[in-house]
Structures are given as C-alpha cells and as structure tokens.
Amino acid sequence: MGPKVKTMEVFPVAGYDSMTLTLSGCHSPYFTRNIVVLTDDAGHTGIGEIHGGEYTRQQLESYIPHVVGQPITDYRRVVNQLRHLNGKKADDTGEGIQGLDISQLKYVVQSETAVECALMDLLGKFLELPVAALLGDGIQRRDVEFLGYLFYIEDTHKTDLPYLQDDDDSDDWGKLRRLPAMTPKAIVKEAKAAQNRYGFKNFKLKGGVLDPELEMQTVKALHDAFPAAHINIDPNGAWSEATAIALVNKYKAAVTYMEDPCGPENGYSGRETLSEFKQATHVPVATNMIATDWRQFQHASALKSVDIVLADPHFWGLHGSIRMAQLLNDWGMTWGSHSNNHFDITLATYAQVAAAAPGHITPVDTHYIWQDGQGLLKQSPEIRDGHIHVSDAPGLGVEIDMDKLHAANDLYKKIDPMYYDRDDARSMQYLIPGWQYDSKKPALVR
Ligand SMILES: O=C([O-])C(=O)C[C@H](O)[C@@H](O)C(=O)[O-]
Ligand SMILES: [Mg+2]
C-alpha cells in the first residue's frame with residue numbers, strides 16, 4: 001500500500017503586496033493564502049498552497065480526519081471524497097466570477113486541490129518522480145514559460161495603509177514594483193525592469209482600471225517597446241462588447257490575444273458576448289472568467305467563445321487542469337493558467353502542471369514577481385530567461401522552510417482580520433471616497 005499520511009496541518013499565511021489596480025479595485029497591503037503541510041510515515045513532507053480566507057481554511061481543517069491515516073498511493077479516492085464533503089453555500093450565487101465579484105472567488109476555488117497537490121508531492125517523493133511525471137501523459141516539456149504580469153500601480157502615500165516600501169533595492173524591478181506607475185511610459189519602464197530581472201519574452205497587462213482607450217495606448221506602447229513580444233490585456237470583462245470590438249480592431253497590430261475583453265451585458269452572458277467579439281475581430285480570446293468549470297466550458301466551447309482556457313489548478317485541480325490541457329490540445333485550442341497573488345509553492349505547482357500540459361501552451365500567469373523575496377521554500381523556483389526549469393527532483397521539487405512558514409503564519413495572526421478575505425474596495429476608497437465595485441466600469445472611471 002505504500003506510506004500513509006501521518007499528519008495534516010493547515011497554516012493560514014499572509015504576505016505583502018503592492019498597491020496594484022484591477023477592475024475589483026486596489027490590492028490591499030496584505031494578501032493571504034492557506035498552506036497544507038502533510039507528513040507521511042516514510043518521513044516525507046508534502047505541501048500545497050491555495051487561496052486565503054477563513055472559508056477555505058475551515059474547509060481544509062474539516063478535511064483532516066479524512067486525510068490522516070490514508071495511503072498516499074490511493075490519493076485519488078481521498079481527494080474525490082473531499083470534493084464531495086462541502087455542499088453549496090447559501091450565498092454562492094452560482095455566477096462564478098464572470099462578473100469578477102471577488103466575494104464569489106472562494107466558491108470557484110476548490111480547496112481540496114491544495115490537498116491533492118500535497119498528496120501528489122508525497123507520492124512523487126515516494127516514487128522518486130516529479131509531480132509532472134504523474135500527471136496526464138507525463139512530462140511534455142522541461143522549461144515552462146511564464147509571462148511578465150504588469151499592473152498599474154497607485155501611490156501608497158494617498159493612504160495611511162502599511163504598504164511595503166523599500167523592501168528590495170537590488171535592481172530596478174525591486175524598486176519600481178512598489179512605486180506608482182499609471183502611464184504608458186511608466187508601464188513600459190515596469191516591463192523593462194521585470195524583463196531585466198526575469199528575462200520575460202511576453203507580457204500581460206491588467207486592465208479594467210483606466211479608460212479603455214488609454215489602456216490600449218499602453219498596450220501599443222508595450223508593443224512598440226517589445227516588438228517581438230506577445231502582448232495581451234485583461235480588463236476582466238469590464239468593456240462593453242462594442243468598445244472591445246472597436247478598440248481591438250483599432251489596435252490589432254499590438255495585441256496577440258485578448259483576455260476577457262468583454263463580459264455579461266444586456267442579458268447576454270460573457271460566453272455569448274465573447275463569441276460575438278471573436279467573430280467580429282478574429283482575435284483569439286483567453287479566459288479565466290467564463291469557463292471555470294466543465295459545465296461553463298461546454299457552453300463556451302459550443303459557442304466558440306474562447307481559444308485559450310486559463311485552467312488554474314486551484315480552480316480545476318492538478319489532474320483537472322491537465323484533463324483540460326489534453327482536451328484543448330486535441331481540439332486545436334490552447335491551455336494556460338490564471339493566477340492570483342501567491343507564494344512560491346504555487347509557483348512550483350504551476351511549473352509542474354504546465355510541464356505536463358501537451359502541445360502548444362500559452363505562457364503561464366504568475367503574480368509571484370510582486371511577492372519575490374517572501375518565499376516559504378528553502379529555495380524558490382527561479383524564473384530565468386522567462387522560464388522555470390523542471391528538474392528530476394521528486395514531488396514538487398522543492399522543500400518547505402518551516403521558519404518562513406511560521407513567520408508568514410504569525411503575520412496572518414497579527415494583521416487585522418478584515419484582511420483575511422480579499423476586498424479590493426477598501427484601498428480603492430482612499431483614491432475615490434465611497435468607491436463601489438461596478439463590473440462594467442474600470443476602477444478609476446467614476
Ligand atoms: O487573470 C486574471 O483575471 C487575474 O489575474 C485575476 C486577479 O484577481 C487579478 O485581477 C488581480 O490580481 O487583481
Ligand atoms: Mg484574467
């Protein structure tokens with residue numbers, strides 16, 4: 001039967017973030033995650049990372065009696081059982097995040113996938129194989145490309161919130177990521193600094209912040225500065241279909257694909273508007289909003305609404321994300337992964353999953369560059385030349401640093417509980433008093 005799980009612990013953790021902007025508002029000074037640490041009776045430790053918040057932490061805690069004592073080789077049965085433990089909650093609208101309602105994100109996130117990850121880490125260590133070798137048809141590539149994820153950044157001095165400053169003056173990226181960047185010129189500077197440190201070949205700009213025309217001017221500036229790079233922009237469905245079509249036709253030469261350029265409007269779902277957008281522009285569409293489960297995906301594919309599904313393993317599971325990657329590859333579509341703010345365990349997980357995704361995949365999203373230096377591992381995976389190399393090291397190929405984990409857990413306990421669940425309106429209200437989220441209005445357009 002192989003080793004059995006000896007212990008399972010759940011650590012809610014916090015880290016620092018920049019004052020980055022998005023449709024849902026402005027990132028808080030802190031972000032939170034939940035870390036699962038398993039040990040087995042062979043003496044190995046397995047880890048998994050997932051979104052923060054008490055809802056997810058409580059779900060994970062409730063899994064402990066169902067995981068401890070179980071054979072790691074039978075982990076699929078264990079994870080499947082967890083999947084069915086928690087029923088639908090009263091305030092789960094079933095809408096998912098197609099309107100980017102951040103309060104619904106916890107229902108799109110599947111907490112058992114953190115346990116799946118930790119169990120696969122243990123199994124990989126037992127079998128002396130990387131997690132990627134245990135997924136789908138095994139390792140498809142050794143070097144996984146990540147994209148440079150760019151954000152507009154606000155001036156922290158407009159708030160009295162404890163945003164991190166001066167935490168890394170080792171290079172331009174370390175400095176610039178905490179400073180305001182609101183213009184095309186500043187975003188190009190941000191991109192150059194990120195490229196100098198990480199070697200990114202391709203970039204994504206988080207949109208849904210300024211007037212759409214201004215954001216497309218930023219995309220054009222990026223294209224002019226990096227003519228060989230693939231540039232995509234993600235306004236999280238904020239633009240009307242008509243605006244998205246007009247702007248993308250105008251700036252077609254600058255974009256490689258569009259991520260959720262429009263969403264639900266006038267009674268039509270995002271699956272319908274994106275289908276029409278694609279017919280009108282012939283520009284490929286990526287999504288992490290309108291296909292976050294298999295039922296949504298069925299409708300999105302029937303309508304030909306998307307070309308690239310950003311199948312985040314935290315939403316789909318590690319096996320689920322690869323099941324999607326295989327299907328997309330067979331159907332001539334493209335796999336990628338979405339991300340939220342995360343620590344380095346997630347970075348290692350993305351690298352393993354992407355290494356097992358067949359065919360042509362799109363560079364993987366990561367927020368990690370905004371958190372670089374706050375890792376929980378003895379050695380964080382390194383993005384070099386825009387890629388992370390997946391070696392033969394077993395499991396996730398990384399080792400948890402318990403001192404760093406406890407420090408991040410202490411920070412979680414120290415911060416105001418109002419930070420436990422992501423709320424991007426709070427910081428935004430320092431910029432625009434009384435600011436309220438509107439899925440159809442860019443954050444600074446009020
Ligand atoms: O691709 C995306 O939609 C994301 O990365 C979602 C995130 O929540 C992003 O908008 C953010 O960090 O503000
Ligand atoms: Mg997106």
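In this predicted model, Lys 204 places a polar side-chain atom 2.8 Å from an oxygen atom of ligand 1. Two further residues supply contacts of this kind: a polar side-chain atom of Asn 236 lies 2.9 Å from a ligand oxygen atom, and one of Lys 206 lies 3.0 Å from an oxygen atom of ligand 1. Considered alone, ligand 1 exposes 340 Å², and the protein buries 98% of that area.

The surroundings of the ligand can be described next. Ligand 1 has 16 residues around it, of which His 27, Tyr 149, Lys 204, His 367 and Arg 422 come nearest. Sorted by class, this shell holds eight polar, six charged and two nonpolar residues. Lys 204 thus appears both among the nearest residues and as a partner in a polar contact with a ligand oxygen atom. The space that ligand 1 takes is the largest cavity.

Beyond the ligand, charged side chains also pair with one another. The count of salt bridges comes to 29. One of them joins Asp 167 to Arg 178, with the closest N and O atoms 3.0 Å apart. Asp 167 lies in the loop between strand S7 (148-150) and helix H6 (172-176), whereas Arg 178 lies in the loop between H6 and helix H7 (184-198), so the pair ties together parts that are eleven residues apart in sequence.

Key: Residues are numbered from 1 along each chain as its sequence is written. Chains are lettered from A and ligands numbered from 1 in the order in which they are written. This is a predicted model: local features need pLDDT of at least 70, side-chain atom pairs count only at pLDDT 80 or more; totals for chains, interfaces and linings use all residues. Side-chain values use heavy atoms; hydrogens and water are left out. A residue is near a molecule or strand if one of its heavy atoms lies within 4 Å of it. A polar contact is a pair of N or O atoms within 3.5 Å; within protein, one must be able to donate a hydrogen and the other to accept it, and residues adjacent in sequence count only if both atoms are side-chain atoms. Accessible areas come from the Shrake-Rupley method with a 1.4 Å probe; for residues, only the protein chains shown count as cover. On a 1 Å grid over the protein atoms alone, a cavity is a set of points where a 1.4 Å probe fits but cannot get out, and a pocket is an open set with protein on both sides within 12 Å along at least five of seven lines; lining residues have an atom within 4 Å of a point. A molecule sits in a cavity or pocket if more than half of its atoms lie within 2 Å of its grid points. Ala, Val, Leu, Ile, Met, Phe, Trp, Tyr, Cys and Pro count as nonpolar, Asp, Glu, Lys and Arg as charged, and the others, Gly among them, as polar. A salt bridge is a side-chain nitrogen of Lys or Arg within 4 Å of a carboxyl oxygen of Asp or Glu. Helices (H or I, at least four residues) and strands (E, at least two) are DSSP runs, numbered from the N terminus.
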